[in-house]
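Dear colleague,

I am passing on to you the structure we spoke about, and I would be glad if you could look it over alongside the notes that follow.

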Amino acid sequence: MTKPAYSLSLLASFALVVAACGGAPEPAPAVPDVPAEPTQPAPETPAAPATPAPEASPQGDGAASAPAAAAPVTVEVPIEARTNSKLKGSASFTEVDGGVKVTVQVSGAPKGKIAVHVHETGDCSAPDAKSAGAHYNPENHQHGLPDASARHLGDLGNIEVKADGTGSHEIVAKGASLKQGAPNSFLGRAIIVHEKQDDGGQPSGNAGGRIGCGVIQSK
Ligand code: CU
Ligand code: ZN
């Protein structure tokens, strides 16, 4: 017996062409938004500086509005007789460096030394001037003459009166001022002239009666 031979020709011929697979094409990059056109405003031209006004010429009533110069503050005070005296007088108070300069003039006064003080209350209404109160003493010191290391702020010493009854005295009250409301201010107080000499004794110099009085106030 003969078996048919099967010739199986298996031709498998594969041509495998594997196409190289290119990667998928990359997506086109997104087109970025086109930036908007810059819209900067045009810089403004700075305004031209103002032309300075022409100098104003001083007008007639300029004194009222002109700033006060560094003129010293001065207060003039008439001194009136008290305690049945014949005294007449005046005092001038001027702020100076470190205090108040006081000048006093009297006439009709007893010859010799007579005391002068700033008293605490600006009230001369009493016939004996006791309405002016005690010596002005804001720092609670003892009484003293002007050369004492500690004294009342109102202790101004003595006026030297000549035989004709006139006299004058000048002193700087160190530490005093003429500033309204200040704790060391002579404003609103009284200047008192006494019948006798201030001897520096306690409590107020043994100066006797009050023969002159003036209220220290600005006009
Ligand atoms: Cu006095
Ligand atoms: Zn005193």
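How are the donor residues of the copper ion (ligand 1) spaced in sequence? They follow the pattern H-x1-H-x74-H, and since this is a predicted model, please read that spacing, and everything below, as a description of the prediction. The protein donors themselves are His-117 through ND1, His-119 through NE2 and His-194 through NE2, which lie 1.9 to 2.0 Å from the copper ion (ligand 1). Because His-117 belongs to strand 4 and His-194 to strand 7 (residues 189-194), this pair ties together parts of the chain that are 77 residues apart in sequence; both His-117 and His-194 are buried.

The second metal site holds the zinc ion (ligand 2), which is coordinated by ND1 of His-135, ND1 of His-143, ND1 of His-152 and an OD atom of Asp-155, at 1.9 to 2.1 Å. The 4 donor atoms subtend angles of 102 to 116° around the zinc ion (ligand 2), and the arrangement is therefore tetrahedral. In sequence, these donor residues are spaced H-x7-H-x8-H-x2-D. Two of them, His-135 and His-152, are 17 residues apart, and each is placed in the loop between strand 4 and strand 5.

His-152 deserves a few words of its own. The loop that holds His-152 runs between strand 4 (112-119) and strand 5 (155-161), and His-152 counts as buried because its relative accessible area is 7%, against a cut-off of under 20%. His-135 is buried as well, and the side chains of His-135 and His-152 make a polar contact at 3.2 Å. Leaving out residues up to four places away in sequence, His-152 touches His-135, Tyr-136, Asn-137, His-141, Gln-142, His-143, Gly-144 and Pro-203.

Turning to the nonpolar interior, the largest core has 29 residues, of which Phe-93, Val-102, Val-104, Phe-186, Ile-191, Val-193 and Ile-216 touch the most other members. At least two residues of this core are supplied by each of several strands, including strand 1 (74-81), strand 2 (88-96), strand 6 (167-174) and strand 8 (210-216), while the largest share, 4 residues, comes from strand 3. Beyond its neighbours within four places in sequence, Ile-216 is in contact with residues that include Val-75, Val-77, Phe-93, Val-118, Phe-186 and Ile-191. Another core, of 6 residues, lies apart from the largest one, and among its members are Ala-132, Ala-190, Ile-192 and Cys-213.

With best wishes

Terms used. Residues numbered from 1 in each chain as written. Chains lettered and ligands numbered in written order. Predicted model: local features only at pLDDT ≥ 70, side-chain atom pairs only at ≥ 80, totals over all residues. Heavy atoms only, no water. Buried < 20%, exposed > 50% of the residue type's maximum accessible area, 1.4 Å probe, protein only. Polar contact = N/O pair within 3.5 Å; in protein donor to acceptor, adjacent residues only side chain to side chain. Contact = heavy atoms within 4.5 Å. Donors = N, O, S within 2.8 Å, 3.2 Å for Na, K, Ca; no water. Tetrahedral: all angles 85-135°; square planar, octahedral: opposite > 155°, others 65-115°. Core = buried A, V, L, I, M, F, W, Y, C linked by side-chain atoms within 4.5 Å.
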